[in-house]
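The following explanation leads through a protein model, moving from a single loop residue to the interior and then to the surface. Please consult the sequence and the structure alongside the text.

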Amino acid sequence: MKKTLRIIGYILLVLLLLMAVMLYNIYDYTEHSVEFDKTKFASVQTNEKLDQLTHSLLKQMSLDEKIQQLYGRPLSDGMTLVINGLLFGRTPPVYGGGNERLNIPPYAFSDGPRGVRANKERTVGDKLGVTSFPVSMARGASWDVELEGQIYDVIGKEMRASGINYTGTPTINLLRHPGWGRAQEAYSEDPWLMGEFGLAAVNALQHHNVMSCAKHFALNSIENSRFVVDVEVDERTLREVYLPHFKKVVQEGNVASLMSSYNKVLGEYAGNNHYLLTDILRDEWGFEGFVSSDWFYGTHDAIASIQAGLNVEMPYQKVYLNETIEQGIKDGEITEAQIDELVFDTLRTQLKFGLANDPMAYPDSIIAAPDSIELTRIAAEKSMVLLKNSKIRNNNVLPFSKKENQTVAVIGRLADMENLGDTGSSKTTEPYVVTPFEGIRDYNKKLGNKVVLDDASDLSASKKLAQNADQVIVVVGYTHVEEGEFLLSSEEANKAAKLGKRTGPKTDGGDRESLKLNPEDEALIQALAKTNDNLVVVYVGGSAIDLSAWDSQVPAILFSWYSGMEGGNALANILYGDVNPSGKLPFSIAQQESDYPYFTPYTEKITYGYYHGYTLFDKENIKPAYPFGFGLSYSQYDYTELVVNTPEFTETDTLNVSVTVTNNGQVAGEEVVQLYLGFDNSAVDRPVKLLRAFDKVHLEASESKTVNLTVKAKDMAWYNPESKAWQVEKMTYQVHVGASSAKKDLLMAEFSVH
Ligand code: BGC
């Protein structure tokens with residue numbers, strides 16, 4: 001008996017040891033190099049040579065080897081991701097492609113809308129991390145495309161230093177409704193602003209030979225039912241509203257890759273949608289890169305996806321199975337030539353980037369370098385939007401005075417929280433985070449002021465504190481619990497969509513079902529309203545909110561967003577006037593939720609209409625609470641002398657206008673000059689106006705600048721679904737230039753296209 005027990009014990013021990021070794025192996029995942037051995041390949045200086053090389057490599061591959069190029073990793077590698085993620089909180093890069101025999105290294109994928117998602121081994125143990133920027137919607141509010149280029153320059157460099165050369169960013173899905181859970185990952189409600197930012201991102205990443213994968217193609221503007229929802233859209237709306245920014249990154253940015261979305265478009269999953277992936281993307285736009293699926297639930301039918309033009313299934317081989325593909329070829333449903341075409345796109349792109357010369361080296365020391373961290377602070381400063389700044393006894397509430405011996409109260413659940421937004425695919429691991437309270441506390445140290453933190457758990461105590469303080473900062477808003485990527489299985493999403501409601505408790509992320517703040521935040525604001533003239537409500541979040549219940553009760557409101565690892569310092573610099581706010585809303589804020597288009601997180605079908613955001617409000621004469629493009633500053637900018645330098649031109653020319661902007665305030669600042677085209681004389685139904693150019697200019701106090709803005713005639717076109725063509729109307733257009741999309745903020749002139 002004893003002997004038997006001993007034997008069982010030994011067996012168990014051996015099994016345990018084996019399991020430990022297995023777990024360790026999964027944990028200790030292999031890092032692959034993505035670098036090509038350039039001595040083994042001919043030069044690919046021209047497109048012709050690149051094509052030749054790709055063809056010759058493809059010719060040397062067996063069908064099996066080709067199929068291997070059609071997915072990220074074998075399904076059996078799935079445990080690596082799960083164990084690293086769930087047990088060790090790590091996100092290894094996901095590898096794809098590669099062929100050792102032919103000296104082709106794999107590519108390595110990471111997400112990255114606010115910084116590198118995949119963390120290096122060393123980032124876990126010693127708490128190092130990557131640079132974490134304000135979320136994309138914040139950056140959209142900066143209206144600073146050059147800044148976006150600088151940000152992605154940092155992200156691109158950190159990707160390369162982390163061994164990554166393929167990235168799931170930028171997210172360029174339109175903010176159709178502010179309740180969309182992943183709003184923070186995108187830039188705007190407006191296709192033009194979105195396109196300009198997307199282009200800056202793609203250019204900067206690809207400069208460092210990181211293949212950018214713009215996502216999610218297309219119409220992915222609802223989160224909770226993303227796996228199942230079928231988006232109906234008419235042809236004009238598709239072309240003019242939901243696709244222009246994708247077209248821009250393809251045609252002007254030569255983006256390496258697109259990610260197909262989970263949802264259906266016009267009855268067909270985007271991952272096997274021939275109309276989107278081949279007819280429009282390749283045949284019309286001339287896309288030469290590769291399309292990868294959104295993860296796990298983005299592929300449904302290998303044959304349909306291959307026919308539609310989906311090059312790569314990510315992250316694992318779930319649907320693109322060898323036997324299905326081989327059978328499909330045998331049955332004549334697909335041909336090997338089709339497989340060749342798909343592999344060709346991916347391989348050619350990989351060779352193009354992998355064999356290009358790098359502009360620099362990418363040592364580890366690049367990651368979270370001091371300059372990059374400084375850039376996150378600058379980005380946060382340039383993104384914050386001052387919505388309201390009342391004048392009380394001749395003085396604006398902000399900037400706060402820098403007097404000494406003051407008591408500063410920082411109040412709210414979120415005041416001292418490390419709160420950078422979504423914890424799904426856009427999450428980052430950063431070395432540290434400066435919370436709003438920490439930034440304000442550190443700033444006030446030099447002034448000798450007392451800074452009191454209050455978590456608002458006792459409203460009457462908070463009220464007393466606010467009444468007795470010299471300055472009050474109330475921090476309200478959301479976290480990744482209220483908004484972000486919704487990590488629900490497709491089965492659950494399906495069930496919820498069918499029922500038209502949530503099936504379980506609200507856990508992490510997803511769409512917001514109400515645009516109001518959480519009840520405890522609303523109650524806090526109401527309790528503190530009118531307690532102190534020097535009070536500002538600081539909103540942390542990634543999209544528009546319904547502030548109707550408390551807007552009129554508070555003297556100042558600042559949108560600070562999820563502002564990145566240096567956000568607290570940026571906030572203090574804005575509040576005390578070291579930095580003049582210059583952000584402008586990248587979306588419209590309605591007076592009431594019902595003013596927005598129909599939206600529900602739980603549905604199997606939805607129609608996206610031609611109008612949303614400011615085009616809807618303009619068309620229907622709905623006054624927003626705060627218009628698209630609006631934001632205050634500590635200066636006063638005046639617009640004069642709008643001159644149309646090209647009053648008459650033809651369809652192939654470019655509109656050129658100039659305007660004088662003067663800083664009539666006491667301090668230097670930056671102003672976002674916006675140009676909208678007006679279509680009053682159109683023969684078809686068109687928006688009242690559309691953003692078509694903008695510039696962010698620096699102006700010293702009392703300085704005037706002439707700002708030039710241009711619009712190509714082709715960007716005035718509408719899409720005629722009958723002739724299937726873009727048409728520039730020959731007529732007189734309005735050009736509106738000014739400080740926001742509100743009529744009162746815009747100068748107007750006219751020009752004609754002949
Ligand atoms: C998201 C993508 C992301 C991918 C990989 C998906 O769930 O929708 O945006 O790139 O996961 O993390």
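Ser563 touches Pro134, Ala380 and Met384 in this predicted model, residues up to four places away in sequence being left out of account. The residue belongs to the loop that connects strand 19 (556–559) with helix 20 (567–575). Ser563 counts as buried because its relative accessibility is 11%, and the cut-off for burial is under 20%.

The interior can be considered next. The largest nonpolar core comprises 211 residues, and those with the most contacts inside it are Phe217, Leu387, Ile473, Phe559, Leu575, Leu655 and Phe751. Helix 8 (residues 191–207) contributes the most to this core, with eight residues. Around Ile473, neighbours within four places in sequence aside, the contacts are Phe400, Val408, Ala409, Val410, Ile411, Ile440, Val536, Val538 and Leu575. Another core, of 22 residues, lies apart from the largest one; Val94, Val312, Phe486 and Ala493 are among its members.

The surface offers a contrasting topic. Met1, Leu5, Ile7, Ile8, Ile11, Leu12, Val14, Leu15 and Leu18 make a nonpolar surface patch of about 930 Å². One of these residues, Leu5, lies in helix 1 (residues 2–27). Leu5 counts as exposed because its relative accessibility is 51%, and the cut-off for exposure is over 50%.

Confidence in the prediction remains to be considered. The protein chain has an average pLDDT of 95, and 98% of the residues score at least 70. Over residues 121–125, however, the pLDDT is below 50. This stretch nevertheless has twelve contacts in the model beyond near neighbours in sequence.

Note on methods
Residues are numbered from 1 along each chain as its sequence is written. This is a predicted model: local features need pLDDT of at least 70, side-chain atom pairs count only at pLDDT 80 or more; totals for chains, interfaces and linings use all residues. Side-chain values use heavy atoms; hydrogens and water are left out. Patches are made of residues with over 30% relative accessible area and no salt bridge: like charges are joined within 9 Å, nonpolar side chains (Val, Leu, Ile, Met, Phe, Trp, Tyr) within 5 Å. Accessible areas come from the Shrake-Rupley method with a 1.4 Å probe; for residues, only the protein chains shown count as cover. A salt bridge is a side-chain nitrogen of Lys or Arg within 4 Å of a carboxyl oxygen of Asp or Glu. Helices (H or I, at least four residues) and strands (E, at least two) are DSSP runs, numbered from the N terminus. Buried means under 20% relative accessible area, exposed over 50%, partly exposed in between (1.4 Å probe, protein chains only). pLDDT is the predictor's confidence in each residue, from 0 to 100. Contact means heavy atoms within 4.5 Å. A nonpolar core is a set of buried Ala, Val, Leu, Ile, Met, Phe, Trp, Tyr and Cys residues joined through side-chain atoms within 4.5 Å.
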